[in-house]
Amino acid sequence: MPYALLVLPVLFVFRSPHGFPYPSEIARYSDFTLTHYAHALFIQKELIGGRGVPLWNPYIYSGTPFFANPLSGLTYPPGWLALLFPLPFGLNFCLALHLWLGSIGMYTWLKANAISSFPALFSATGFILLPKVVAHYGAGHVSLLYAFAWTPWLLWAINRRRQVWEILFLSLVVLADVRWGIYAIFLWAFYYLYKAISRDWSFSVITQATRNLSIALSLCAPLLIPLVEFTRYSTRSDMRLEDHLIYSFPLERTLQFLFPDFGGFHEWIVYPGATITLMVLLQFFRRKRDTSAQFWMLISVIALLFSYGGNLPFLKVLFSLPVFDLLRVPSRALFLVGLGGLVLAAHTLEALCNQAGDFHLKRVNLFLFGLLVFCWGAFFGSWWLTGERLDNVLWGTIVVSCTSLLILVHLNRHLPRGVILVVIFALGLLDWGITDLSLYSVKLASDTTFEHQDLLEFLIDQQDGLFRVYSPTYSLPQNLAVQYEIHLVEGVDPLQLKDYRTFFVLASGVPYTHYQVTLPAFESGNPDEDTRGYTPNAPLLGWLNVRFVISSFRLEVAGLRWLKELDQLYLYENEQYRPRAWLESGGSETERATEDVQIVLWTPNRIVLHANGPGRLVLSEMLYPSWKARVDGKIVNIEPVHEIFRGVQLDSGEHIIEFTIQPWSLYLGLFLSVCALSILALLKRRSNL
């Protein structure tokens, strides 16, 4: 029955399963659309087309390793479920299923910690409706929520000493999102230490924990080994300390534990619900707290301090240390604060119902009275100072007042258990619902394509050969590029090849001063303005096979010929455009004999060309160690051209040139994963004996 009830909050959040979530109605971009939908659609189209699993992504950055990108979803098996359905429904369904399973894990884990059904159900419901979770759904952080959903099950497995399940859940967390995996491993280590101390476990348990972690990471080898290789060649290696500390949680926003941030920035959403905050604070007034509550109070405080990042001077040193320097956006630790708040709220609710005498009554009365004075004072004070009524402060104050009055009456008059449970549950649902509705909006597919329709039709009509498109104003989002099979030289993705970035800066004319997830770099986050005044280099764009340039403002660039205006965008044709492959004879880079190179087959994983030598064949595809070349069936070396393109030398006569991707780092990872699965099967068999 509780599991069925937990479907209701899932249906509330995913009330438009065929839509794309956005942070707000006016937001133009969402990671759901640009990244996860684009990647899932790419995989789905390649599989349906019979071309197999794509290992290389040709749609952004002039080509980039898809198998090594943790956001591709290739190495996360549960995520493949989304591919069985039309998109975006498949992604929404898969994400809804994850959060539902996560809430069941929350309920099951709390029950295993001696929390009765109703308080456990309350916190399990909050696991789905937590504003932090909903805000990141609006931002489109699908893989992050996948990983977060497995966290309660990981804690349950440790608590129940289910070794095999612990390894599986830990590996699922890392495979879903390696960024959250680092946080989860720290939580796993602290939870193991807590259990070892509280249960007086022997030292051998710590050894077992180390073994479990090693097996789990081996299961993740198909993701981790290619990722380590990719990172070596990527711009991530150039990140400065300031880049790691981006979006650190501002100290002044700490009061938002009491007052919601309606429509706020997802990384800084900390409001768990005023009811949750109040019940967490009540833990400080218990006569005796159990060790579980003490542990989660400690975890919540550590996570909150960590989330402040660069706003606390001593934390800057921490982010320069090994392992910690892999993290970015310290405010992601607020997920742990929210999780800790839900656990502590369940403990407080359990105590209120069964051990009301466990609270210091006079101290609670004084504290709640002072809190009410503070909240109402904050509301009227802000109104007086700003001349505006702050609805978020008013709403938080109302919820705090109702919850406080209920607790005061209960502790002093002992209300029936059913009354306090139902009222607190109702207050929590109302609070979560109103806050969550402000944190995201849903757009249909037609809303995202209609404004580009004429442009898309024009580009489709021109597809008589392979070419790429460049937009300095990001006027053609990569999700539409995948949908209509249009190759881009720009893009949005955290992992970018360093050598390509260097060439792209010269070709686009847009400087790159520090690590960013976009090419070109948008310093203020406004693509329509940030690249204004920078002049593209038509010949270098030609090397990138750029035939058309699309901009929201006019360009006066030699070599770019204005064609027309479509969808309030200016369309230019590059007169210095080069084909996807050409032959250079006599060592001249300017000589292009396009008639001597014919594309026989082009897929993301395999390219076959026919060319007449002699000369150097240049392929306008990115250089990466996983690509191998054969000429007439014989393996040949790939020569770097301008450090980023692939080139091979041809003798006189006709030749068949074949480029295939052979990601040995992925194959090694798969081998280690199979070995880890074999060990896991042995452990499972031994545990059943």
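This report describes the overall build of the protein chain, its nonpolar cores and a few individual residues.

**Overall build**

The model is predicted. Its protein chain holds 26 helices and 18 strands. Along the principal axes, the C-alpha atoms fill a box of roughly 95 × 70 × 45 Å. The radius of gyration is 28 Å, which agrees with the value near 26 Å that a compact globule of 689 residues would have.

Of the 689 residues, 58% are buried. Among contacts with a separation of 6 or more, 72% are between residues 24 or more positions apart. The exposed surface of the protein chain comes to about 27,900 Å², and carbon and sulfur atoms supply 62% of that area. The chain carries 50 positive and 52 negative charges, and the mean positions of the two sets lie 15 Å apart.

**Nonpolar cores**

In soluble globular proteins, nonpolar side chains tend to be buried together. In this chain the largest nonpolar core has 214 residues. The members that touch the most other members are Trp180, Trp296, Tyr500, Leu544, Leu617 and Phe659. Helix H16, covering residues 334-354, gives the most to this core, with 14 residues. There is also a second, separate core of 16 residues, and Phe458, Leu488, Leu566 and Leu569 are included in it.

**Helix H23 and Tyr500**

Tyr500 belongs to helix H23, which spans residues 498-508. The buried residues of this helix are Tyr500, Arg501, Phe503, Phe504, Ala507 and Ser508. An α-helix has 3.6 residues a turn, so residues three or four places apart point the same way. Tyr500, Phe503, Phe504 and Ala507 are among the buried residues of H23.

What covers these buried residues? The cover includes strand S5 (468-470), strand S8 (518-519), helix H25 (538-543), strand S14 (606-622) and strand S18 (645-661). Leaving aside residues up to four places away in sequence, Tyr500 touches Tyr61, Ser62, Val489, Leu519, Leu544, Met622 and Ile644. Leu544, one of these contacts, is also listed with Tyr500 among the residues of the largest core that touch the most other members. After H23 comes Gly509, with a positive phi near 80°.

**Three further helix residues**

The table places three residues in their helices and gives their relative accessibility.

| Residue | Helix | Relative accessibility | Class |
|---|---|---|---|
| Asn212 | H10 (residues 203-219) | 1% | buried |
| Thr277 | H13 (residues 274-282) | 9% | buried |
| Phe671 | H26 (residues 664-688) | 52% | exposed |

Asn212 counts as buried because its relative accessible area is 1%, and buried means under 20%. Not counting residues up to four places away in sequence, Asn212 touches Gln163, Glu166, Ile167 and Tyr192.

Thr277 is buried as well, at 9% relative accessibility. With the sequence neighbours up to four places away left out, Thr277 touches Phe257, Leu258 and Pro272. From Thr277 to Leu672 the C-alpha to C-alpha distance is 44 Å, and the two are 395 residues apart in sequence.

Is Phe671 in helix H26 buried or exposed? Phe671 counts as exposed because its relative accessibility is 52%, and the exposed class begins over 50%. Phe671 and Ala40 are 631 residues apart along the chain, with their C-alpha atoms separated by 25 Å.

Technical notes:
Residues numbered from 1 in each chain as written. Heavy atoms only, no water. Helix = DSSP H or I, 4+ residues; strand = E, 2+ residues; numbered from the N terminus. Rg over C-alpha atoms; globule rule 2.2 N^0.38 Å. Buried < 20%, exposed > 50% of the residue type's maximum accessible area, 1.4 Å probe, protein only. Contact = heavy atoms within 4.5 Å. Areas by Shrake-Rupley, 256 points an atom, 1.4 Å probe, with all protein chains shown as cover. Lys, Arg positive; Asp, Glu negative; His and termini not counted. Charge placed at Lys NZ, Arg CZ, Asp CG, Glu CD. Core = buried A, V, L, I, M, F, W, Y, C linked by side-chain atoms within 4.5 Å.
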